[in-house]
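Here is a quick walk through a protein model, from the overall build down to a few residues worth a look. Keep the structure open while you read.

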Amino acid sequence: MNKEQLDILIFGAHPDDAEIGMGATIAKHTASGYKVGLCDLTYAEMSSNGTVETRKLEAEAASQVLNLTVRTNLGLPDRGLFVDPTYIESITLEIRRHRPRIVFAPYWMDRHPDHIACSQLVQEAVFNAKLRRYLPNSGFEPCTVSQLFFYFINDVYETDLIVDVTDHYESKRLSLQAYGTQFLPAGTDSKVVNTPLNQGYLERVEARDLLMGQKMGVSYAEGFVSKLPYPVHLF
């Protein structure tokens, strides 16, 4: 079993969620030598466009752009995510397998129910990962995650932290462009269904990140939320 220890482990309900919410932050950290992993809960098999196989190829291409250490998929049911003990177990084992310092999950309010469920599941799993009597015979030791942060996908709320990602924004663009079946407009292809994702969605994501950057006087930024105080030693 892969026991690659990571600095950061990010969870998303679908391949492309993390790229939308924090693709440039991922690129900034991998460029600085951080070991960053990404775990998709589903294969997005209910998506209107593309197939599971094309989505796998797109996720792999995006992973290469972002220089991820590892990317996994738990194969949970798309549009079937809810707080289920077996799903929590799977996510807990993924955390114990990689023993990250920091975990990221989608923000707990979003217009897509799967994003909300992913947030809830990860919060449960982060808590359980440290309990020595939870799954004691799994083969993985309990571990404590130092910080759990939340990233935005569709909807943006008040942020606790903002990361200047100006120098790495092109990597985010390229990682999102890898998902051609999701974000490219239908054009003359009669098999492509018009969805909110291929009707100017990427432009709206970029506009959001521009506005986030404006708050701190930089070109582009990505925002995050923490339920716990963020500790600092000096200002």
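## Overall build

Of the contacts in the protein chain with a separation of 6 or more, 82% are between residues 24 or more positions apart. Bear in mind as you look around that this is a predicted model.

The protein chain has seven helices and seven strands. Going along the sequence, you meet them in the pattern β-α-β-α-β-α-β-α-β-β-α-α-α-β. On overall size, the C-alpha atoms fill a box of roughly 55 × 45 × 30 Å along the principal axes. The radius of gyration of the protein chain is 17 Å, and since a compact globule with 235 residues would come in near 18 Å, the two agree.

Now for the inside and the outside. Buried residues account for 48% of the 235 residues in the protein chain. The accessible surface adds up to about 11,600 Å², and 54% of that belongs to carbon and sulfur atoms.

## The cysteines

How many disulfides does the structure hold? Zero. Take Cys118, which is in no disulfide: the nearest cysteine sulfur is that of Cys39, 8.4 Å away. For Cys143, the closest cysteine sulfur is also in Cys39, but at 14 Å it is too far for a bond; a disulfide would need the two sulfur atoms within 2.5 Å.

Here is how some cysteines, and a few other residues discussed below, come out on accessibility.

| Residue | Relative accessible area | Class |
|---|---|---|
| Cys39 | 0% | buried |
| Cys118 | 0% | buried |
| Cys143 | 7% | buried |
| Arg208 | 14% | buried |
| Leu135 | 21% | partly exposed |
| Leu74 | 23% | partly exposed |
| Arg79 | 45% | partly exposed |

## Around Cys39 and Leu74

Cys39 sits in strand S2, residues 36-42. What does Cys39 touch, once its neighbours within four places in sequence are left aside? The list is Leu9, Ile10, Phe11, Gly12, Thr72, Leu74 and Glu94. Leu9 is 30 residues away from Cys39 along the chain, yet their C-alpha atoms are separated by 7.4 Å.

Leu74, one of those contacts of Cys39, belongs to strand S3. Not counting residues up to four places away in sequence, Leu74 touches Cys39, Asp40, Leu41, Ser90, Ile91 and Glu94. Its C-alpha is 5.0 Å from that of Leu41, with the two positions 33 residues apart in sequence terms. Glu94 is worth clicking on here: it turns up among the contacts of Cys39 and among those of Leu74.

## Helix H5 and what covers it

Next, go to helix H5, residues 169-177, where Tyr169, Lys172, Ser175 and Leu176 are buried. These residues are on the same side of H5, because they cover an arc of only 120° around the axis. Which elements cover them? The cover includes helix H1 (17-31), helix H2 (52-66), helix H6 (180-183), helix H7 (201-214) and strand S7 (221-226).

Helix H7 also holds Arg208. Is Arg208 buried or exposed? It is buried, at a relative accessible area of 14%, which puts it under the 20% cut-off. Beyond its neighbours within four places in sequence, Arg208 is in contact with Ile20, Gly21, Phe152, Ile153, Val156 and Lys172. Lys172 on that list is one of the buried residues of H5.

## Three loop residues

Asp155 lies in the loop between S5 and strand S6 (161-164). Leaving aside neighbours within four places in sequence, Asp155 is in contact with Asp110 and Arg111. With Arg111 you can pick out the atoms: a polar atom of the Asp155 side chain lies 2.9 Å from the backbone nitrogen of Arg111.

Two other loop residues stand out for their backbone angles. Arg79 is not a glycine, but has a positive phi of about 60°. You will find Arg79 in the loop between strand S3 (70-76) and helix H3 (85-98). Leu135, also a residue other than glycine, has a positive phi near 50°. Leu135 is placed in the loop between helix H4 (113-129) and strand S5 (147-151).

Note on methods. Residues are numbered from 1 along each chain as its sequence is written. This is a predicted model: local features need pLDDT of at least 70, side-chain atom pairs count only at pLDDT 80 or more; totals for chains, interfaces and linings use all residues. Side-chain values use heavy atoms; hydrogens and water are left out. Buried means under 20% relative accessible area, exposed over 50%, partly exposed in between (1.4 Å probe, protein chains only). Helices (H or I, at least four residues) and strands (E, at least two) are DSSP runs, numbered from the N terminus. The arc is that of the directions from the helix axis to the C-beta atoms. Contact means heavy atoms within 4.5 Å. A polar contact is a pair of N or O atoms within 3.5 Å; within protein, one must be able to donate a hydrogen and the other to accept it, and residues adjacent in sequence count only if both atoms are side-chain atoms. The radius of gyration is taken over C-alpha atoms; the globule rule is 2.2 Å times the number of residues to the power 0.38. Accessible areas come from the Shrake-Rupley method with a 1.4 Å probe; for residues, only the protein chains shown count as cover.
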